[in-house]
Structure formats: C-alpha cells, structure tokens
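Work through the exercises below with the sequence and the structure side by side. Try each task before reading its solution.

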Amino acid sequence: MGLLTRRGLIGVGAGGLLVSGCDRLTNAPAVQRLIGHGQDLSLGAQRLLLSGQPLAKQFTAAEISPVFKVNGSVDPGTEAYHALLADGFATWRLAVSGLVLRPDVFSLTQLKAMPARTQITRHDCVEGWSAIGGWTGVQLAHLLGLVGVAPGARYIVFHCADNLAGSRDASGLYYESIDLVDAFHPQTLLAYAMNGAPLSVGHGAPLRLRVERQLGYKQAKFVMRIEAVSSLAGIGRGKGGFWEDRGYEWYAGI
Amino acid sequence: MVTLTADRAPAERQVIYRHGLAVRLTHWINVLVISLLLMSGLNIFNAHPRLYWGQFGADHDHAWLWLAHGFPKWATLPHYRDLATARRWHFFLAWLFVINGAAYWLIGLINGHLRRDIVPTRADLAPGNLWRSILDHVRLRHPVGEAARRYNVLQKLAYVAVIGVLLPLMVITGLSMSPGFDAFAPWLPGVFGGRQSARAIHFITANLIVLFVIVHLVEVVLAGVVNELRSMITGRYALPSGEH
C-alpha cells in the first residue's frame with residue numbers, strides 16, 4: 001500500500017508539472033505553429049474528400065428541432081438596424097461589390113423574386129450542440145452569376161450589422177468569408193426564411209448565410225454587404241472572420 | 001532470449017524479450033497523445049457540458065448529462081477556458097493518434113503480433129480457462145514462470161477491446177461530429193443514432209479508456225512496476241518466479 005500511495009503522489013506531482021508545462025508550451029509561438037499544421041492537414045483532407053462537392057445531409061420536416069437555439073448576437077441593437085426592422089426591411093439593400101464585374105444592390109423583394117431553394121439541415125455549433133432547421137433563400141451561386149465574379153477574386157466576404165465584440169468602432173463588427181469552392185456549392189444560400197417564416201431577428205434578419213458542411217460561426221447573420229476579394233488581409237484582423245480573428249479555424253469543417 | 005540475474009530475486013529469473021520496438025514506441029506515443037487528447041477533449045466538452053441522444057441537442061432539448069461546472073480546469077488543456085486553442089490541440093493530436101494507431105495495426109498485422117499475442121486462442125476462451133483467469137484476477141494472483149510468457153485471457157480480451165473497439169471508436173465518433181466529414185459520409189452519424197449520440201458515445205468511450213488505463217496501471221503496480229516498466233522501455237521482461 002505504501003508503494004501505491006507513493007506512486008500516487010509521484011503521479012499527481014508529475015501530472016501537475018505536465019499541466020503547467022502544457023500551458024507554457026501552448027503559448028510558445030513555435031508550438032502554436034506546429035499544432036497549426038493539424039489544421040492544414042484537416043483542410044487538405046476535407047477538401048480531398050469533398051472534391052465531388054457532395055451535399056450535406058438534408059432532413060425531413062419531422063426532424064426539425066422544436067427550438068433552434070439563438071446564439072451569438074441576439075439583436076444588432078443599433079438605431080440604423082432598428083430603423084430597417086421597423087419598416088420590414090423595405091429600405092434594406094444588399095450591396096455586392098469588390099472584385100465583381102457588375103457591382104449592384106439588391107432589395108429583399110428582389111432576392112425573394114429570384115429562384116429559391118429550401119433545405120432542412122443540421123447546424124453544428126463549435127461549442128458542441130446541434131439544431132436542425134429549414135432554410136429558404138437564394139443560392140449564392142445565382143447571385144454571383146448576376147454580378148459576375150472578376151478574375152483574381154478568391155474569397156467572398158460577408159459584412160454584418162452586429163457588433164459582437166461590443167466595440168464602439170467598426171472593429172467588433174461580425175464578418176465571415178468563404179472561398180469560391182464553398183461559394184458555388186449548391187447548398188450555400190443567402191437565407192431570408194427559416195422553417196417557413198421570415199427570418200427572425202435572433203436568427204439574423206433580414207438575411208443570413210448558410211454554408212452547410214461548416215460549423216455555426218460561418219453562418220453569418222444580419223448580412224449587409226457582400227464583397228469579392230483576392231485576399232483576406234486588411235479585413236478585420238486578416239484571418240477571414242470574427243471568430244477566426246480570435247483563434248478559430250477559417251475552414252470550419254470539423 | 002537471455003538469462004540475467006534479475007533485481008532482488010533469490011533465484012535466477014529468466015529474462016525474455018517481450019515487447020518489440022514498434023509496440024514500445026507506439027505505446028509511449030499513445031500515452032502522451034491520449035493524455036493530451038483527453039485533457040484538450042475535456043476543455044472542448046466544457047464549452048457545452050451537456051450530452052444528448054439523437055441528431056440534435058441544445059439548451060432547450062433534454063440533456064441526459066449536464067455537468068453545470070464542467071471538468072476542473074487543472075484537468076484541461078490548456079488549463080483555462082479556451083475552446084479555440086483546445087480544438088487546435090485536439091485535432092493536431094488526433095492526426096498523431098490516427099497515424100500512430102495505423103502504424104501499430106499495420107505492423108502488428110504484418111509481423112503477426114496481433115494474431116500471436118493479442119487475439120485470444122480457442123483454448124484461452126474455453127470456459128474453464130476463462131473462469132480460472134477470473135479467479136486469478138480476483139485473488140490478485142499473477143501468472144508465473146512459463147505461463148507469464150503469454151498474456152492471460154482477460155488481459156487479451158481487454159487489449160482487444162481497447163485496440164479493436166474503443167480506440168477506433170474514438171476516431172469514428174470524432175469524425176461523425178465533423179460537418180465536413182458528414183457531407184462525405186452522410187450515413188455515418190446515423191450509425192450511432194445521430195450527431196449528438198455520436199458526441200455522447202465519444203465521451204462515454206473516452207471514459208472507458210480512462211477506466212482501462214486505471215485498471216492497467218493497477219495491474220502494472222501489482223505485477224511489479226520495475227519489471228513491467230522495463231519491459232515496455234527496453235523490451236526485456238523477467239519471468240516472475242513461483243514465490244511471488
């Protein structure tokens with residue numbers, strides 16, 4: 001028994017050393033770079049597996065979550081947003097700019113008049129929970145077809161109305177980006193309806209992105225402006241999204 | 001096979017070469033990688049410390065497990081709440097885990113280690129032998145002499161469960177949680193009853209692995225720490241003699 005106790009103590013001591021050692025390791029730039037290679041491998045593997053552009057699983061209406069959790073920004077809360085909300089987003093316009101051949105603005109009515117797609121999919125939050133919901137909207141590919149993607153464009157950036165960081169300046173505004181592989185995927189939607197009803201404020205009214213096959217934080221809500229760019233540098237902190245700028249993977253396939 | 005005088009043994013104890021290099025290397029890589037996978041996994045779990053059955057599950061759905069405070073911070077990697085860093089660790093380690101496990105399986109299949117040492121024989125599984133092995137374990141009696149050259153049947157079954165079931169299950173349930181991988185294999189989460197079920201099974205399986213490790217460590221201590229540790233480091237194992 002003496003041996004067991006002594007061993008136990010040694011084990012706990014070694015464990016403690018391991019734990020504090022790990023945090024020092026975690027913060028070392030060289031280690032961050034090393035473990036970052038895991039992301040490169042994951043992205044490469046997923047792009048290989050998904051090269052045939054398969055669809056994310058679609059569910060039946062009976063499988064929809066009774067309550068779809070509202071996460072992130074509940075309401076952008078600005079005067080400008082509430083003015084738009086007050087008149088049912090009649091004056092809201094989606095601007096499409098950047099590296100496109102024919103920059104344009106679209107009203108919600110115009111978007112709703114375009115060919116619509118409805119899909120019931122599972123939303124997987126990076127935290128671990130899932131919810132199933134039905135989304136109706138226009139395929140991003142259709143919209144990009146209207147404005148024409150210019151040569152050199154590599155990413156589509158979604159600028160949002162909500163300031164999730166709560167900053168006084170624009171630095172805390174939510175944004176997201178996807179590359180053209182995901183932008184032209186048939187399930188990538190600009191959704192204006194959820195479960196058959198207009199998008200609620202909590203779920204991103206008037207328009208949110210649905211990029212199935214990736215985690216919840218890619219599904220930008222309150223989309224105000226879309227921009228085609230050649231590089232993500234210079235937007236936000238340059239990592240391609242609000243959460244990406246705060247350490248999360250740009251490619252959120254796992 | 002070499003004969004040496006073993007530590008503090010009155011009589012000469014026969015020393016055999018028990019663990020090949022591949023087994024020893026993959027074992028110790030697994031010790032490190034699984035420990036860190038567990039710790040980063042607990043940090044990830046703490047981001048939403050509830051488990052559900054089925055395809056979906058969030059705050060408004062019924063959770064069958066809800067640890068309001070999550071796991072203690074000292075047990076997590078990093079040992080403060082940081083989902084982004086924990087995920088980066090977890091997926092980096094998962095690659096090492098898969099590569100290490102695949103190497104073990106491949107080498108074990110080619111050189112016969114799995115067939116020869118791990119898979120129970122028909123004689124192992126005979127009811128009389130199984131019962132004897134259970135009694136030996138209950139009495140904390142370990143095989144000595146010639147019988148100690150081979151793993152006993154309960155030991156083999158435990159290794160089969162871990163190597164053949166639990167460790168691969170961790171990878172498969174882990175992949176089931178990936179929305180990207182699910183688009184490639186849309187049927188996969190359904191095998192477990194949905195993505196949230198897969199997440200729950202990932203958690204349960206991790207617990208079973210921890211349980212195995214605890215039993216494994218207790219057995220190492222009971223069977224003789226020095227001899228057991230040496231055999232997993234150098235490969236050399238002194239056959240325990242009768243007066244154990």
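The exercises that follow deal with strand pairing, a chain contact and one exposed or buried residue.

This is a predicted model, in which local features need pLDDT of at least 70 and side-chain atom pairs count only at pLDDT 80 or more, while totals for chains, interfaces and linings use all residues. Residues are numbered from 1 along each chain as its sequence is written, and chains are lettered from A and ligands numbered from 1 in the order in which they are written.

**Exercise 1.** Find the strands that pair with E1(A), and state the sense of each pairing.

Solution. Strands are DSSP runs of E with at least two residues, numbered from the N terminus. Two strands pair if DSSP finds at least two bridges between them.
- Step 1: E1(A), residues 93–98, is antiparallel to E2(A), residues 104–107, with 4 bridges. Leu94(A) stands opposite Phe106(A), and a hairpin of 5 residues connects the two strands.
- Step 2: E1(A) runs parallel to E10(A), residues 223–229, again through 4 bridges. Here Val96(A) has Ile226(A) as its bridge partner.

**Exercise 2.** How many residues does each chain bring to the contact?

Solution. Residues are in contact if their C-beta atoms, placed from the backbone, lie within 7 Å.
- Step 1: Chain A gives 43 residues and chain B gives 33.
- Step 2: On the side of chain A, the largest share, 9 residues, comes from H2(A), a helix spanning 29–49.

**Exercise 3.** Is Ile214(B) buried or exposed?

Solution.
- Step 1: Locate Ile214(B) in helix H8 of chain B, residues 195–233 (a helix is a DSSP run of H or I, at least four residues).
- Step 2: Count neighbours: 10 other C-beta atoms lie within 10 Å of Ile214(B).
- Step 3: Apply the cut-offs: buried means 20 or more such atoms, exposed 12 or fewer, partly exposed in between. Ile214(B) is therefore exposed.

Conventions
Contact = placed C-beta atoms within 7 Å.
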